[in-house]
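Dear colleague,

Here is the structure I said I would pass on. My notes on it follow below.

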Amino acid sequence: MAERDLVSEEVEALHCIGCGAVIQTTDKAGIGYTPQSALEKGLETGELYCQRCFRLRHYNEIAAVNISDDEFLRLLTEVGNTNALVVNVVDIFDFNGSVIPGLHRFVAGNDVLLVGNKRDILPKSVKESKVRNWLRERAHEEGLRPVDVVLTSAYNRDDTLDLVDEIENYREGRDVYVVGVTNVGKSTLINAIIKNATGDSDVITTSRFPGTTLDKIEIPLDDGSFIIDTPGIIHRHQMAHFIGPEDLKLVSPKKEIKPKPKL
């Protein structure tokens with residue numbers, strides 16, 4: 001018991017050398033989480049990273065981190081105080097649960113590119129122009145006036161490369177803030193962009209990731225600007241907060257929806 005208490009006290013005093021977060025081994029979704037085995041190894045080697053920084057450092061993967069409403073609002077205020085392109089990722093199949101209330105008030109005069117994720121799940125019979133128009137109309141109802149609406153899939157290489165082109169077209173040399181609520185596939189989408197962007201002519205440089213902090217990750221672009229991944233905010237109107245994991249699998253499709261043929 002005494003040994004366990006000693007470890008707990010020791011963990012409370014340890015910080016990730018990548019982002020400065022207090023190391024903890026209990027909350028996998030929380031900031032500063034690292035598995036107990038990784039903690040012990042880090043203490044031996046003197047290189048102690050939280051799991052988020054470890055994945056970023058060794059696999060170029062960005063792990064989602066959830067923050068409180070107040071922290072997220074502070075981050076949005078920061079976005080509004082900068083000249084940047086805001087990429088707002090939403091879930092095509094759960095717009096109400098993935099829209100950020102009042103986003104238009106925080107982004108100030110910055111351009112917003114609305115990205116509808118999970119395009120690959122749409123039936124092939126659905127006209128994507130109608131989906132884009134629907135998303136634009138819903139965004140207008142929320143007070144948001146996006147410069148464009150793009151449909152994409154984090155699991156389709158061509159889609160992610162097309163999205164990179166759209167971002168490059170609208171950012172005009174500015175930084176890019178990627179915002180979204182949890183469970184919309186934002187981090188998966190960014191990881192796919194990083195993975196698929198190769199060669200000197202591509203927008204995103206994946207060789208190094210400076211500026212890793214507790215509330216955002218700055219990914220350097222070729223011209224000295226950054227694409228900034230922000231933590232996902234918990235939206236309490238999402239379907240995931242109302243139904244159990246098994247039921248969620250039934251209402252959250254993972255592959256193309258195929259309408260039943262008419263009898």
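E2 and E5 pair in the parallel sense, over 5 bridges; strands are DSSP runs of type E with at least two residues, helices are runs of H or I with at least four, and both are numbered from the N terminus. Two strands are taken to pair if DSSP finds at least two bridges between them. This is a predicted model, in which local features need pLDDT of at least 70 and side-chain atom pairs count only at pLDDT 80 or more, while totals for chains, interfaces and linings use all residues. Residues are numbered from 1 along each chain as its sequence is written, and side-chain values use heavy atoms, with hydrogens and water left out.

Within the E2–E5 pairing, Val86 stands opposite Tyr177, and the bridge partner of Val87 is Val178. Both E5 residues also have partners in E7: Tyr177 is bridged to Ile228, and Val178 stands opposite Asp229. E5 (residues 175–179) and E7 (residues 226–229) run parallel and are joined by 3 bridges. Because 4 of its 5 residues are buried, E5 is largely enclosed by the rest of the structure. Buried here means under 20% relative accessible area, exposed over 50%, and partly exposed in between, with a 1.4 Å probe and protein chains only.

On its other side E7 meets E6 (residues 217–220), antiparallel and with 4 bridges. Ile219 has Ile227 of E7 as its bridge partner. The hairpin of E6 and E7 has 5 residues between the strands, and Gly224 there takes a positive phi near 95°.

The whole is an open sheet of 6 strands in the order E4-E3-E2-E5-E7-E6, with mixed pairing. E4 (148–151) and E6 are the edge strands, each pairing on one side only. Neighbouring strands are turned by 25° against each other on average, direction ignored. Axes are lines fitted to C-alpha atoms, for helices over the stretch in contact, and angles run from 0 to 180 degrees between N-to-C directions.

Helix H7 (residues 128–141) packs on the sheet, touching E3 (112–117) and E4, and its direction makes about 130° with that of E4. Contact means heavy atoms within 4.5 Å. Helix H8 (residues 157–171) also packs on the sheet, where it touches E2, E3, E4 and E5; its direction makes about 170° with that of E3.

The buried residues of H8 are Asp159, Thr160, Leu163, Val164, Ile167 and Arg171. Seen down the helix axis they fall within an arc of 145°, so they line one face of H8; the arc is that of the directions from the axis to the C-beta atoms.

Which residues touch the most other members of the largest nonpolar core? They are Val87, Leu113 and Leu163, in a core of 48 residues. Strand E2 (residues 84–91) supplies the largest share of this core, 6 residues. A nonpolar core is a set of buried Ala, Val, Leu, Ile, Met, Phe, Trp, Tyr and Cys residues joined through side-chain atoms within 4.5 Å. Apart from this core lies another, of 8 residues, including Leu14, Ile23, Leu39 and Tyr49.

Regards
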